[in-house]
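I opened the model today to look up its sheets, its helix packing and the contact between its chains. My entries follow in the order in which I looked.

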There are 2 protein chains.
Amino acid sequence: MVAPLKVGLAGLGTVGASVVRLIGQQRSALALRCGRPIEIVAVSARSRGKDRGIDLKGLRWFADPVKLAADPDIDVFVELIGGVGNPARAAVTSALKAGKSVVTANKALLASHGVALATLAEKRAVALNFEAAVGGVIPIVKTLREGLSGNSIERVYGILNGTCNYILTRMEQEGLTFDACLKEAQRLGYAEANPSFDVDGHDTAQKLSILASLTFGIKADPKSIYVEGISSIAPADLAAAEELGYRIKLLGVAVKTGQGIEQRVHPTFVRKDSAIAQVMGVTNAVTIDAEGIAPITLVGAGAGGVATASAVVADIADIARGVRVAPFARPVGRLTTSKKAPMQHHEGGYYIRLLAVDKPGTAATIAKRMAQQKISMESIVQRHRGPAGQGKGAVPVILITYATAEDAVRKALAAVKRDRVISGEPQLIRIEKN
Amino acid sequence: MVAPLKVGLAGLGTVGASVVRLIGQQRSALALRCGRPIEIVAVSARSRGKDRGIDLKGLRWFADPVKLAADPDIDVFVELIGGVGNPARAAVTSALKAGKSVVTANKALLASHGVALATLAEKRAVALNFEAAVGGVIPIVKTLREGLSGNSIERVYGILNGTCNYILTRMEQEGLTFDACLKEAQRLGYAEANPSFDVDGHDTAQKLSILASLTFGIKADPKSIYVEGISSIAPADLAAAEELGYRIKLLGVAVKTGQGIEQRVHPTFVRKDSAIAQVMGVTNAVTIDAEGIAPITLVGAGAGGVATASAVVADIADIARGVRVAPFARPVGRLTTSKKAPMQHHEGGYYIRLLAVDKPGTAATIAKRMAQQKISMESIVQRHRGPAGQGKGAVPVILITYATAEDAVRKALAAVKRDRVISGEPQLIRIEKN
């Protein structure tokens with residue numbers, strides 16, 4: 001038998017413990033499939049005594065993950081500490097510098113320091129694998145890195161945050177408010193006590209930056225992504241979407257345009273009969289549009305111990321097999337710099353919900369302002385009376401535009417506001433063609 | 001620059017021509033992603049003069065694909081001839097014996113001779129890649145072979161034949177008969193003049209045998225698969241499915257049971273809100289159930305020149321990168337023999353549609369026969385009158401059973417027939433839990 005692949009693992013939370021368990025359970029299958037056994041030989045975590053339901057007997061213990069990372073007796077370093085800074089960053093850097101392959105589930109680290117880490121990996125010709133960083137168990141990194149090499153990809157987009165999708169699903173199914181669903185998600189453990197990172201779209205942006213890098217050869221950089229969260233979505237928007245044949249999903253989208261790669265995270269209207277619209281609850285999904293072929297969609301659990309651990313183990317197995325692929329699918333030196341998407345130039349359809357003042361001429365004024373900006377309307381729905389609590393004399397008006405520049409829409413809405421024919425702020429949600 | 005990977009390609013139909021085109025279009029991207037250029041240097045096809053819309057200038061021409069396969073000046077042989085016999089088989093064999101990696105889209109060849117070919121590949125330590133053989137552009141072979149190494153997979157199932165799914169989709173949406181939709185599919189080029197291979201389930205079985213081999217480590221063998229086609233499906237079945245919250249799909253299913261791996265192809269009821277039920281028209285999809293995680297579903301174009309060619313090019317790119325994975329994910333010597341699924345022991349829910357004689361006591365008789373076999377009923381729907389043309393006094397009765405052995409259902413229905421309370425043959429469709 002060939003010598004085993006010796007793994008050092010730092011971070012024994014839910015995912016780390018699941019990795020230890022899976023590698024134990026699949027020991028013989030993995031050896032068969034990789035041509036050599038995979039053995040965890042050393043671990044590191046914050047507290048040694050904690051009961052994690054796994055047997056750590058016989059494994060060397062390191063209080064310092066950075067020391068573990070550089071230990072001469074390991075072949076692969078698995079980083080499941082998390083966080084953009086140290087010790088995760090120092091540990092991964094140390095492992096790569098020591099010529100060890102690295103597996104990580106750390107999207108924040110990759111989104112911010114992926115290029116620097118990939119440079120180190122390239123220098124030592126070792127692997128830097130991160131399937132678990134995006135989409136949990138969905139093999140999206142492998143698919144973009146290796147599976148679609150022959151295609152010219154035009155767009156990649158997905159539901160990358162289970163918390164947001166859970167909240168939007170519940171809002172849609174139960175007619176509840178964002179706040180109510182967020183509280184429920186927190187109670188069920190689907191949302192953090194401080195939910196901003198998830199619901200404001202930053203988690204999605206980090207993941208999108210990685211997918212965009214793999215797809216389009218740009219350097220991962222969340223700062224070049226336009227980001228908008230879901231906290232402004234109202235039950236009225238979900239009801240309108242339903243009526244118009246859409247669902248609302250928080251998507252991360254990276255798309256080739258005439259101006260370069262546009263990267264954006266925001267709530268979107270997606271056609272109810274599209275594959276992505278079917279994805280409910282905490283599930284994740286990614287759709288890939290490549291030239292000349294129908295969309296490819298991958299769906300699966302985006303989080304959870306076993307799901308994430310599965311992706312980590314698959315990454316380790318690839319290293320055991322001897323597979324080495326450039327971390328971002330091409331030499332680091334060939335990655336280009338991404339520019340922030342100028343959203344004023346974004347082209348697409350728009351859903352607009354206004355509270356119009358209930359007096360003659362209001363609809364005509366709105367229509368005129370839209371026409372002045374050369375915006376074609378696909379539909380205008382005016383309800384006779386607003387729901388309770390929206391102010392006397394306020395009438396909800398819902399507009400769906402054909403594809404137009406965002407600039408024009410913003411200008412038209414500003415004019416409508418100046419005309420004093422609406423009350424409050426207009427709601428604006430982009431429609432993603434799919 | 002590293003030396004190019006030299007490719008010899010046999011078969012210049014729609015897929016072959018698309019491969020030549022894609023490799024041309026993606027030349028620099030492929031070189032960047034693989035670390036070396038990919039060059040088609042020689043081709044073989046039946047007719048040399050035919051206009052295929054691609055430039056074959058500068059490529060060596062071989063009248064005999066077997067000669068091309070063994071040519072010392074190629075590194076990789078791409079087989080797109082098709083068919084289970086020669087010249088495809090001889091050419092692939094010859095290439096592998098000459099120590100060349102092979103890429104093929106030939107499901108029939110793999111289903112029947114995959115083990116022998118994988119043995120040759122293993123002996124010479126070369127790649128035998130066949131992503132295009134199952135599910136077209138969907139990276140299902142890569143996902144099962146490499147992506148889910150850490151998981152214990154319990155079931156894999158999918159819509160693997162676009163023709164059947166197109167026909168079932170049209171029957172459902174338009175209320176048309178199987179014959180009418182088949183004719184339409186033939187007119188649109190989605191079905192062959194002789195449609196039996198597709199509509200009777202044999203194409204699905206060949207593909208399933210490959211997926212089952214990758215998933216469960218059994219030798220691919222379509223003869224060990226229970227196969228039933230879609231020609232008996234009636235508009236009444238689709239209408240009943242719709243009413244009961246299901247869709248009907250022709251699935252290939254491979255599942256771990258107490259008796260081993262059960263492989264079967266047949267029309268199935270799938271829950272309308274499942275990912276697989278959303279797959280309409282010629283699209284393909286595969287769902288993977290692994291222990292401890294939510295199902296993973298991959299959706300995409302299952303056929304078509306560019307879609308299939310994409311998968312072929314991805315396979316070639318992997319070879320250019322130096323990736324070598326065991327063709328069926330483990331050493332050939334460790335593949336076990338698959339046994340034919342004894343369907344009488346199949347456990348599951350059933351949809352049963354009967355034409356009952358319209359007289360007192362009929363329902364009681366049917367219920368009694370079911371009870372005698374200890375079959376629990378989830379629902380019984382009896383319509384007052386059958387649709388026109390179903391015979392005077394015939395009343396459609398639709399039964400949905402809870403999970404039970406197929407044996408028991410068959411016995412109960414035989415008893416009901418002997419009781420002379422139904423006219424004609426009962427319709428029986430398995431329900432796939434999902």
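Before listing sheets I fixed the term: I count two strands as paired if DSSP finds at least two bridges between them. I also note at the outset that this is a predicted model.

**Entry: sheet of chain A.** I looked up the strand order in chain A and found 6 strands in an open sheet, E3-E2-E1-E4-E5-E6, with parallel pairing. I then checked the edges: strand E3 (60-62) and E6 of chain A each have a single partner strand, so each has one side without a neighbour in the sheet. I followed E6(A) to its partner. Strand E5 (residues 101-104) of chain A pairs with E6(A) in the parallel sense, over 2 bridges. On that pairing I noted A:Val103, which stands opposite A:Asn129 in E6(A).

**Entry: sheet of chain B.** I repeated the lookup in chain B. There I read an open sheet of 6 strands in the order E3-E2-E1-E4-E5-E6, again with parallel pairing. At its edges I found strand E3 (60-62) and strand E6 (128-129) of chain B, each pairing on one side only. I went on to one inner pairing. Strand E1 (residues 5-10) of chain B runs parallel to strand E4 (residues 76-79) of chain B, and the two are joined over 4 bridges. For B:Leu9 I recorded B:Val78 in E4(B) as the bridge partner. I also asked which strands helix H4 (residues 88-97) of chain B lies across. H4 of chain B lies across E1, E4, strand E5 (101-104) and E6 of chain B, and runs at about 165 degrees to E4(B).

**Entry: backbone exceptions.** I looked for cis peptide bonds. In chain A the bond from A:Asn86 to A:Pro87 is cis, with omega near 5 degrees. I placed A:Pro87 in the loop between strand E4 (76-79) and helix H4 (88-97) of chain A. In chain B the bond from B:Asn86 to B:Pro87 is cis, also with omega near 5 degrees, and B:Pro87 sits in the loop between E4 and H4 of chain B. I next looked at phi. A:Ala125 is not a glycine, yet its phi is positive, at about 55 degrees. I found A:Ala125 in the loop between helix H5 (107-124) and strand E6 (128-129) of chain A.

**Entry: domains of chain A.** I looked up the division of chain A and noted domain 1 (5-137 + 307-328), domain 2 (140-300) and domain 3 (344-431). I took the distance between two of the C-alpha centres: those of domain 1 and domain 3 of chain A lie 51 Å apart.

**Entry: H2 and H12 of chain A.** I checked how helix H2 (residues 27-34) packs with helix H12 (residues 305-321) in chain A, and read an angle of about 45 degrees with the axes 9 Å apart. That angle makes H2(A) oblique to H12(A). I noted the crossing of H2(A) and H12(A) as right-handed. From H2(A) the contact takes A:Leu30, A:Arg33 and A:Cys34, and from H12(A) it takes A:Ala317, A:Ala320 and A:Arg321. I classed the residues of this contact as 4 nonpolar, no polar and 2 charged.

**Entry: H6 and H10 of chain A.** For H6(A) and helix H10 (residues 202-216) of chain A I read a packing angle of about 15 degrees, with the axes 9 Å apart. H6(A) and H10(A) are therefore roughly parallel to each other. I recorded the crossing of H6(A) and H10(A) as left-handed. Here A:Ile140, A:Val141, A:Leu144 and A:Arg145 in H6(A) meet A:Leu211, A:Leu214 and A:Thr215 in H10(A). The residues of this contact divide into 5 nonpolar, 1 polar and 1 charged.

**Entry: contact between the chains.** I looked up the contact last and found 45 residues of chain A in contact with 44 residues of chain B. Which elements give two or more residues to the side of chain A that touches chain B? I listed helix H1 (14-25), H2, helix H6 (140-147), strand E11 (283-290), strand E12 (296-301) and H12 of chain A. H12(A) gives the most to that side, with 8 residues. By class I noted 23 nonpolar, 15 polar and 7 charged residues on the side of chain A that touches chain B. I also found strand pairing between the chains: E12(A) and strand E12 (residues 296-301) of chain B pair in the antiparallel sense over 3 bridges. Within that pairing A:Leu298 stands opposite B:Leu298 in E12(B).

Notes
Residues numbered from 1 in each chain as written. Chains lettered and ligands numbered in written order. Predicted model: local features only at pLDDT ≥ 70, side-chain atom pairs only at ≥ 80, totals over all residues. Axes fitted to C-alpha atoms, helices over the stretch in contact; angles between N-to-C directions. Parallel < 35°, antiparallel > 145°, perpendicular 65-115°, else oblique. Left-handed = near helix turned anticlockwise from the far one by under 90°. Contact = placed C-beta atoms within 7 Å. Nonpolar A, V, L, I, M, F, W, Y, C, P; charged D, E, K, R; others polar. Domains from an automatic or database assignment.
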